[in-house]
Amino acid sequence: MGNNYFRFKQFTIVQNNAAMRVNTDGVLLGAWADVAEAKRILDVGTGTGVIALMLAQRKTDALIDAVEIDVQSAADARQNIANSPWPDRVDVINTSFQTFAETVSKSYDLIVSNPPYFNQSLKSPKQAKNISRHTDSLPNEDLLKGISKLLLPQGKFCGVFPYAEGNVFIAQASSFGLYCNKKVNVVSRPGKRVLRLLLQFEKTKMPLVESTLSIHNADGCFTDAYKELTSDFYLKF
């Protein structure tokens, strides 16, 4: 994924200036998030716009707002959306999520985010990458406060997190009236430690539905479950 572009089946992501390039986390979230009832979607920290475009492909009648604080990443996202089949359904807003949440009057059926998650760890000399990866610019509390405000009563928030940070987020979310009702433990191979969590939250507390997704099988090949989840996007599937 070192190229300045990444080609999917129905769109291409140019990533000349974006702080974070296309990665497995974002693709997993874009393919997994529940769009069934979503008419209006918010992507928090859209980066190159990849998740927003995946959701536009999956839900053809949805309108999507994509918030991005980094100027260069937002420029890449706008270019990618303009060149996609859905330029009229995705709007990029170049501002902080805190400012957006305080000023917008809309509400959303679905909010998604591949949020910054590093806290008090070694930083990159590149400030844009720090913003996209570290919680300084978007602490969990600010993210949760904004989600709670903007999410419709029957809406859903879906996010992807590292294992430890995801469990912390679950604990914090309950104090904002957001409850985790679906959790997917993502592993590289069966029996390996959990690398990522795909999490879904709602404002109504329900029994947790938990499952495991292995990206590769014991032989190192992609699993049928992973291929099925991402086959509408990856050229290799």
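## What covers helix H6

The buried residues of helix H6 are covered by several elements, including strand E3 (40–44), helix H4 (97–103), strand E6 (108–113), strand E7 (151–162) and helix H7 (163–173). Keep in mind that this is a predicted model. H6 itself takes in residues 140–150, and its buried residues are Asn 140, Leu 143, Leu 144, Gly 146, Ile 147 and Leu 150. They sit on the same side of H6, because the arc they cover around the axis is only 165°. There's a simple bit of helix geometry in the background: an α-helix has 3.6 residues a turn, so residues three or four places apart point the same way.

## The whole protein

Zooming out, the protein has 8 helices and 10 strands. Its C-alpha trace spans about 50 × 40 × 40 Å along the principal axes. How does the radius of gyration fit with a compact globule? The protein comes in at 17 Å, and a compact globule of 237 residues would be near 18 Å, which agrees. As for burial, 49% of the 237 residues count as buried.

Take the contacts between residues at least 6 apart in sequence: 70% of them join residues at least 24 apart. On the outside, the accessible surface is about 11100 Å², and carbon and sulfur atoms account for 49% of that. The charge tally is 27 positive and 23 negative side chains, with 3 Å between the centres of the two sets.

## Helix H7 and Phe 161

Back to the helices. H7 has Gly 166, Phe 169 and Ala 173 as its buried residues. Looking down the axis of H7, these fall within an arc of 60°, so they line one face of the helix. They pack against H6, E7 and strand E9 (194–202).

Phe 161 is a good place to see that packing from the E7 side, since strand E7 is where this residue is found. Is Phe 161 buried or exposed? With a relative accessible area of 2%, Phe 161 is buried. Setting aside residues up to four places away in sequence, Phe 161 touches Gly 166 and Phe 169, along with Pro 115, Leu 195, Arg 196, Leu 197 and Leu 199. Gly 166 and Phe 169 are among the buried residues of H7. For a sense of distance, Phe 161 and Ser 174 are 13 residues apart along the chain, and their C-alpha atoms are separated by 17 Å.

## Val 44 in strand E3

E3 is one of the elements that cover H6, and Val 44 has its place in that strand. Val 44 is buried at 2% relative accessible area. Which residues does Val 44 contact once neighbours within four places in sequence are left aside? The set is Val 67, Phe 97, Ile 111, Val 112, Ser 113, Asn 114, Leu 138 and Leu 143. Leu 143 is one of the buried residues of H6.

Another buried residue of H6 is Gly 146. Val 44 and Gly 146 are 102 residues apart along the chain, yet their C-alpha atoms are separated by 10.0 Å.

## The loop after E3

Next comes the loop between E3 and helix H2 (50–58), which is where Thr 48 lies. Thr 46 is found in the loop between E3 and H2 as well. Don't assume that a loop position means exposure here: Thr 48 counts as buried at 2% relative accessibility, and Thr 46 counts as buried at 5%.

What surrounds these two threonines? Apart from neighbours within four places in sequence, Thr 48 is in contact with Ile 13, Val 14, Gln 15, Ala 18, Met 20, Val 22, Asp 76, Ala 77 and Asn 80. On the same terms, Thr 46 is in contact with Ala 52, Ala 66, Val 67, Glu 68 and Ala 77. So Ala 77 turns up in the list for Thr 48 and in the list for Thr 46. The C-alpha atoms of Thr 46 and Gln 57, 11 residues apart along the chain, are separated by 15 Å.

## Leu 28 in helix H1

One last residue: Leu 28, which has its place in helix H1 (residues 24–32). Leu 28 is buried, with a relative accessible area of 1%. Not counting residues up to four places away in sequence, Leu 28 touches Val 186, Leu 198, Leu 213, Tyr 226 and Leu 229. Leu 28 and Val 71 are 43 residues apart along the chain, and 25 Å separates their C-alpha atoms.

Note on methods
Residues numbered from 1 in each chain as written. Predicted model: local features only at pLDDT ≥ 70, side-chain atom pairs only at ≥ 80, totals over all residues. Heavy atoms only, no water. Helix = DSSP H or I, 4+ residues; strand = E, 2+ residues; numbered from the N terminus. Rg over C-alpha atoms; globule rule 2.2 N^0.38 Å. Buried < 20%, exposed > 50% of the residue type's maximum accessible area, 1.4 Å probe, protein only. Contact = heavy atoms within 4.5 Å. Areas by Shrake-Rupley, 256 points an atom, 1.4 Å probe, with all protein chains shown as cover. Lys, Arg positive; Asp, Glu negative; His and termini not counted. Charge placed at Lys NZ, Arg CZ, Asp CG, Glu CD. Arc of directions from axis to C-beta.
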